[in-house]
Amino acid sequence: MTKGYIGQVDTVAKLQDLVLQFNKSGVKSDDIIINNNFNAVVDIVNDGDIILVMSFAELFGSITELFANIIMLAERRVTLRSIEEPLIVVNSQQVEFIKTLNELNGKMRTIRTKCGLQKAKANGKTLGRPVGTTKVDGKVLNAIKLHKESSLSIEKACAIAGCKPRTYYRYLTKMDVTPK
């Protein structure tokens, strides 16, 4: 049985237009499912059903998401079709091909990311988490001041200032100052 799927719709006129287009494609009004969550629709359909959507591009945010849903549906022997992309009909016989394309897409994304990081590094960009923060710097500076101006130990000065002694020593090392 062919079931239509309509996701989020802004106006009643738009909904009526979509229902009319599904009707022209052979889907009865009673067989149109309106739900913002596509995965909820998957729970409703039966093995061997066909889900007809308006557009893959509007429904899925990426090829990866489209492939993941196609694979999930194919495992249940559910065919996915689109009104706006009629040449793309995906059924269970094509799942291995889709899985391979999905894996290839992931590898290509990884390669692009690594190349981008290498290029950024070559252009002098510092990658990763920034070193230190001004909040910590202020706390350490307060601890240094407390330690120098009073007879407090470094551990007690750090406790009062709200920083760890290890951070205190790391800061001194970074500033090339030896602790007293």
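A residue counts as buried when its relative accessible area is under 20%, as exposed when over 50%, and as partly exposed in between. The exercises below use a predicted model.

**Exercise 1. Find how the aromatic residues Tyr5 and Phe38 are placed and paired.**

Step 1. Searching the whole structure gives four aromatic pairs. One of them joins Tyr5 and Phe38, with 5.2 Å from centre to centre and 80 degrees between the planes.

Step 2. Planes over 60 degrees apart count as edge-to-face, and the pair of Tyr5 and Phe38 is of that kind.

Step 3. Tyr5 belongs to strand S1 (residues 2-6) and Phe38 to helix H2 (residues 38-44), so the pair ties together parts that are 33 residues apart in sequence.

Step 4. By the cut-off stated at the start, both Tyr5 and Phe38 are buried.

Step 5. Ring pairs also bring in Phe56 and Phe60, which form a cluster with Tyr5 and Phe38.

**Exercise 2. Describe the fold order and the overall extent of the chain.**

Step 1. The chain holds eight helices and five strands. Read from the N terminus, the order is β-α-β-α-β-α-α-β-β-α-α-α-α.

Step 2. The radius of gyration is 30 Å, whereas the globule rule gives 16 Å for 180 residues; the chain value is well over that, so the chain is more spread out than a compact globule.

Step 3. The C-alpha trace spans about 85 × 40 × 30 Å along its principal axes.

Step 4. Of the 180 residues, 29% count as buried. The accessible surface comes to about 12300 Å², and 55% of this belongs to carbon and sulfur atoms.

Step 5. Take the contacts between residues at least 6 apart in sequence: 61% of them join residues at least 24 apart.

Step 6. For the charges, the mean position of the 26 positive ones and that of the 18 negative ones are 15 Å apart.

**Exercise 3. Is Lys28 buried or exposed, and where does it lie?**

Step 1. Lys28 sits in the loop between helix H1 (12-24) and strand S2 (32-34).

Step 2. The relative accessibility of Lys28 is 59%, so Lys28 counts as exposed.

Step 3. Thr2 is 26 residues from Lys28 in sequence, and their C-alpha atoms are 8.7 Å apart.

**Exercise 4. Work out the surroundings of Thr64 and of Leu146.**

Step 1. Thr64 is part of helix H4. With a relative accessibility of 25%, Thr64 is partly exposed.

Step 2. With neighbours up to four places away in sequence set aside, Thr64 is in contact with Asn102, Asn105 and Arg109.

Step 3. Val140 is 76 residues from Thr64 along the chain, and the C-alpha atoms of the two are separated by 47 Å.

Step 4. Leu146 lies in helix H6 (residues 134-149). A relative accessible area of 29% makes Leu146 partly exposed.

Step 5. Beyond residues up to four places away in sequence, Leu146 touches Leu152, Ala157, Ile160 and Ala161. Between Leu146 and Cys158, 12 residues apart in sequence, the C-alpha distance is 8.5 Å.

**Exercise 5. What is notable about the phi of Arg77?**

Step 1. Most residues other than glycine have a negative phi.

Step 2. Arg77 has a phi near 55 degrees, which is positive although the residue is not glycine.

Step 3. Arg77 is located in the loop between helix H4 (63-75) and strand S4 (79-82).

Terms used. Residues numbered from 1 in each chain as written. Predicted model: local features only at pLDDT ≥ 70, side-chain atom pairs only at ≥ 80, totals over all residues. Heavy atoms only, no water. Helix = DSSP H or I, 4+ residues; strand = E, 2+ residues; numbered from the N terminus. Rg over C-alpha atoms; globule rule 2.2 N^0.38 Å. Buried < 20%, exposed > 50% of the residue type's maximum accessible area, 1.4 Å probe, protein only. Contact = heavy atoms within 4.5 Å. Areas by Shrake-Rupley, 256 points an atom, 1.4 Å probe, with all protein chains shown as cover. Lys, Arg positive; Asp, Glu negative; His and termini not counted. Charge placed at Lys NZ, Arg CZ, Asp CG, Glu CD. Phe/Tyr/Trp six-rings, centres within 6.5 Å; stacked < 30°, edge-to-face > 60°.
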